[in-house]
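New to this one? Have a look at the sequence and the 3D view below, and then we'll walk through it together.

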Amino acid sequence: MDVFLDDKNSLTLLRAVAHGVAGLALVPSPHMRPIAPRVGYFNLWKLGISPLLCYLGIPERTRLGLLVPTASSRIQSKDVTCHVSTALRGRSPFWQLVSANPQCPSPLLADESRVYVLSPPNVVLGMAARLCKRSDGRAMPMYRSVLMLLKLCLELCGTYSHDPFEPHMGEVAYGINPLTCARELREAFAEVGGERGIALARVATDMVYDLSGSPQESCMGPALFFPDSYGGLGLGAFDANKPLDLNDDERQSIGYRQITPDFTLPGQKAVIEYLGSIHNEGANPRIDHVRSLDYATLGIREFGFWYEDVRTRRDFMASASRVVTALEQYGDGGVKRRFARLAASSAFAERQEALFQVFRPWQR
């Protein structure tokens with residue numbers, strides 16, 4: 001039997017694969033739309049995916065979310081939620097869940113059933129539709145919905161993944177291959193269509209960037225560079241996780257032949273690095289010291305932010321003032337006045353607080 005999971009369950013399994021759970025992998029599927037379940041009297045166990053259901057906690061802690069092609073193919077069951085989906089985005093809207101090693105089948109998969117999850121662009125669109133429902137009911141302001149969706153996009157385009165079941169407080173997997181990229185998301189949502197959530201998805205993906213390395217780094221980018229309408233300081237153009245473009249002489253003069261700052265300020269000869277707790281471990285302090293010397297040799301100003309610098313919104317503003325002062329000193333006229341105006345604005349403080357609550361929920 002073919003089982004097509006909705007956006008919520010798909011996201012759980014995308015994260016599970018990123019965390020290396022039970023030898024699972026994902027491969028693109030040729031399916032462009034879901035297939036109606038072929039069952040008569042329905043119960044969950046007829047799907048033939050009992051181990052996967054147990055892993056997902058169905059029906060104990062959540063319900064199984066399925067995609068079906070038509071309203072008439074909905075399944076009537078208290079343990080199942082069916083969503084009708086006829087139009088999906090991207091060249092491969094579904095990915096099949098398979099064993100990472102065919103010689104060693106995953107214990108979460110069964111031979112008699114195939115399981116399909118939505119691709120990242122369609123997970124984003126599904127989450128955007130959920131957020132729009134909450135915004136429509138005035139449960140949250142639209143800028144907060146944009147921030148929540150942007151956080152998901154940065155994760156999917158980044159090299160880390162939140163815990164499948166405890167995304168706020170659970171363990172984060174680092175150094176993974178990105179599940180998608182900013183260009184793929186933008187291209188998927190550029191197509192004409194009027195699905196619920198598409199406008200929100202376009203706003204969020206217009207700001208997303210690739211290769212964010214951690215949840216904290218994903219907070220730093222929006223907080224420093226995004227428009228003040230979303231709680232950011234709007235410090236101007238930036239490059240994220242882009243290797244410095246060095247000539248041969250510059251490479252010969254430094255300890256590392258390639259340096260990839262967290263954030264580069266084009267035209268300012270300045271970089272910003274977030275130095276999380278891992279930078280205190282092992283050889284990392286020595287590596288960071290050599291990199292700082294390399295920046296100095298290249299004539300690049302380095303601004304380092306430690307966890308203490310971003311523990312609260314007020315800590316962040318105090319630390320960000322260093323960057324603002326330097327930008328003003330080196331020719332970005334007016335940046336200090338803009339910063340002072342934002343610092344005195346209660347409306348901006350509310351939006352900035354929302355940004356920190358969304359991206360750093362463990363501090364709430």
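## Where the charges sit

Take the 40 positive and 38 negative charges of the protein chain: their mean positions are 7 Å apart. Keep in mind as you read that this is a predicted model.

## Overall build

The protein chain is put together from 12 helices and 12 strands. Its radius of gyration is 23 Å, close to the 21 Å that the globule rule gives for 364 residues, so the chain is as compact as a globular protein of that length. Along the principal axes, the C-alpha trace spans about 75 × 50 × 35 Å.

How much of the chain is tucked away? Buried residues account for 51% of the 364. On the outside, the chain exposes about 17,300 Å², and carbon and sulfur atoms supply 52% of that. As for how the chain meets itself, take the contacts between residues at least 6 apart in sequence: 69% of them join residues at least 24 apart.

## The nonpolar cores

The largest nonpolar core has 99 residues, and the ones touching the most other members are Leu149, Ile272, Phe305 and Phe316. Helix α4 (residues 142-156) gives the most to this core, with 9 residues. Apart from it lies another core, of 8 residues, including Leu244, Leu246, Tyr295 and Leu298.

Phe316 is a good place to zoom in. Leaving aside neighbours within four places in sequence, Phe316 is in contact with Met220, Ala223, Leu224, Leu233, Phe305, Asp309, Val310, Gln352 and Phe356.

## A covered helix

Some of those contacts lead to helix α7: Met220, Ala223 and Leu224 touch Phe316, and they are among the buried residues of α7. How many residues of α7 (residues 215-225) are buried? The count is 11 of 11. Among them are also polar or charged names such as Gln216, Glu217 and Ser218.

## Backbone oddities

Here's some background for what follows: most residues other than glycine have a negative phi, and most peptide bonds are trans. Which way does the bond from Ile58 to Pro59 go, cis or trans? This peptide bond is cis, with omega near 5°, and Pro59 lies in the loop between α2 (50-56) and β3 (64-68).

Two residues have a positive phi without being glycine. Ala22 has a phi of about 50° and lies in the loop between α1 (7-18) and β2 (24-28). Leu211 has a phi of about 70° and lies in the loop between α6 (198-207) and α7. Ala22 counts as partly exposed at 31% relative accessibility, and Leu211 counts as partly exposed at 38%.

How values were computed. Residues numbered from 1 in each chain as written. Predicted model: local features only at pLDDT ≥ 70, side-chain atom pairs only at ≥ 80, totals over all residues. Heavy atoms only, no water. Helix = DSSP H or I, 4+ residues; strand = E, 2+ residues; numbered from the N terminus. Rg over C-alpha atoms; globule rule 2.2 N^0.38 Å. Buried < 20%, exposed > 50% of the residue type's maximum accessible area, 1.4 Å probe, protein only. Contact = heavy atoms within 4.5 Å. Areas by Shrake-Rupley, 256 points an atom, 1.4 Å probe, with all protein chains shown as cover. Lys, Arg positive; Asp, Glu negative; His and termini not counted. Charge placed at Lys NZ, Arg CZ, Asp CG, Glu CD. Core = buried A, V, L, I, M, F, W, Y, C linked by side-chain atoms within 4.5 Å.
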